[in-house]
Amino acid sequence: QLQLVESGGGLVQPGESLRLSCAASNSEFNFNYYAIGWFRQAPGKEREGISCVSLSDGRTHYDDSVQGRFTISIDNAKNTVSLQMNSLKPEDTAVYYCAAKFFLITDLPAMCSMDSVGYEYWGQGTQVSVSS
């Protein structure tokens, strides 16, 4: 069973930065067979995908709302995917989740998706609040 643990949330002012991390805790986790997506859910709103990365080849994808401000990156040695969030805005306030989607080796390389369908494993979420 793959477990994901997010960290790095907090309260910041507009324009400031935060770095979220998503650590895979299963020692048998084969990084190359997964895509990692970052999702967020604001109060009263549906969950939305904001970024993802295919761990097999490092290709990334961003939602327009975070393009140019957020950067997703991989640390293979630590089985961790991070989300660097710069120039934060009040509308970025939400609970942020990372999730993992498994691919069969015959499907690799595979582009990640920011649609939550197919993401089997989810972290517990971390709160990001942006307010002056």
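**Figure 1. Tryptophan 38 sits across from cysteine 98, its bridge partner in β9.** This is a predicted model, and the view starts in β4, the strand of residues 34–41. β4 and β9 run antiparallel, with 8 bridges joining them. On its other pairing, β4 teams up with β5 (residues 48–54), again in the antiparallel sense, over 6 bridges. Is β4 mostly covered or mostly open? Covered: 7 of its 8 residues are buried. Look as well at the hairpin that β4 makes with β5, where 6 residues lie between the strands. Glycine 44 in that hairpin takes a positive phi near 80°.

**Figure 2. Arginine 40 has a salt-bridge partner in glutamate 48 and another in aspartate 92.** Side chains of opposite charge can pair when their charged atoms come close. For arginine 40 and glutamate 48, the closest N and O atoms are 2.7 Å apart. These two residues also stand opposite each other in the strand pairing, with glutamate 48 on the β5 side. The contact between aspartate 92 and arginine 40 comes in at 2.9 Å, N to O. That pair ties together distant parts of the chain: arginine 40 belongs to β4, while aspartate 92 lies in the loop between β8 (80–85) and β9 (94–102), 52 residues apart. How buried or exposed are the three residues? Arginine 40 has a relative accessible area of 6%, so it is buried. Aspartate 92 is buried too, at 1%. Glutamate 48, at 33%, is partly exposed.

**Figure 3. Aspartate 57 and arginine 59 form a salt bridge.** Their closest N and O atoms are 2.7 Å apart. Aspartate 57 is partly exposed, with a relative accessible area of 35%, and arginine 59 also counts as partly exposed at 35%. Elsewhere, salt bridges with shared partners join Arg40, Glu48, Arg69 and Asp92 into one network. The structure holds 4 salt bridges.

**Figure 4. Four strands make an open sheet in the order β1-β3-β8-β7.** The pairing in this sheet is antiparallel. Which strands stand at the edges? They are β1 (4–7) and β7 (70–75); each has a single partner strand, so one side of each is left without a neighbour in the sheet. On average, and ignoring direction, neighbouring strands here are turned by 15° against each other. Zoom in on β1 and you find 4 bridges to β3 (residues 18–24), with the two strands running antiparallel. One spot to pick out is valine 5, which stands opposite alanine 23 in β3.

**Figure 5. Leucine 2 is tucked away in the segment before β1.** Leucine 2 is buried, with a relative accessible area of 6%. What does leucine 2 contact, leaving aside its neighbours within four places in sequence? The list is Ala24, Asn26, Phe29, Tyr34, Ala100 and Tyr121. For a sense of scale, take serine 87, which is 85 residues along the chain from leucine 2. The C-alpha atoms of these two residues are separated by 32 Å.

**Figure 6. Trp38 and Met85 touch the most other members of the largest nonpolar core.** This core has 31 residues. At least two of them come from each of β3, β4, β5, β7, β8, β9 and β11 (126–130). Leaving aside neighbours within four places in sequence, methionine 85 is in contact with Glu16, Ser17, Leu18, Leu20, Arg69, Phe70, Tyr96 and Val128. A second, separate core has 9 residues, including Phe39, Ala99, Met114 and Tyr119.

**Figure 7. Stepping back, the protein chain has 11 strands and 0 helices.** The radius of gyration is 14 Å, close to the 14 Å that the globule rule gives for 132 residues, so the chain is as compact as a globular protein of that length. Along its principal axes, the C-alpha trace spans about 50 × 25 × 25 Å. Of the 132 residues, 42% are buried. Taking contacts with a separation of 6 or more, 64% are between residues 24 or more positions apart.

How values were computed: Residues numbered from 1 in each chain as written. Predicted model: local features only at pLDDT ≥ 70, side-chain atom pairs only at ≥ 80, totals over all residues. Heavy atoms only, no water. Pairing = 2+ DSSP bridges. Axes fitted to C-alpha atoms, helices over the stretch in contact; angles between N-to-C directions. Salt bridge = Lys/Arg side-chain N within 4 Å of Asp/Glu carboxyl O. Buried < 20%, exposed > 50% of the residue type's maximum accessible area, 1.4 Å probe, protein only. Contact = heavy atoms within 4.5 Å. Core = buried A, V, L, I, M, F, W, Y, C linked by side-chain atoms within 4.5 Å. Rg over C-alpha atoms; globule rule 2.2 N^0.38 Å.
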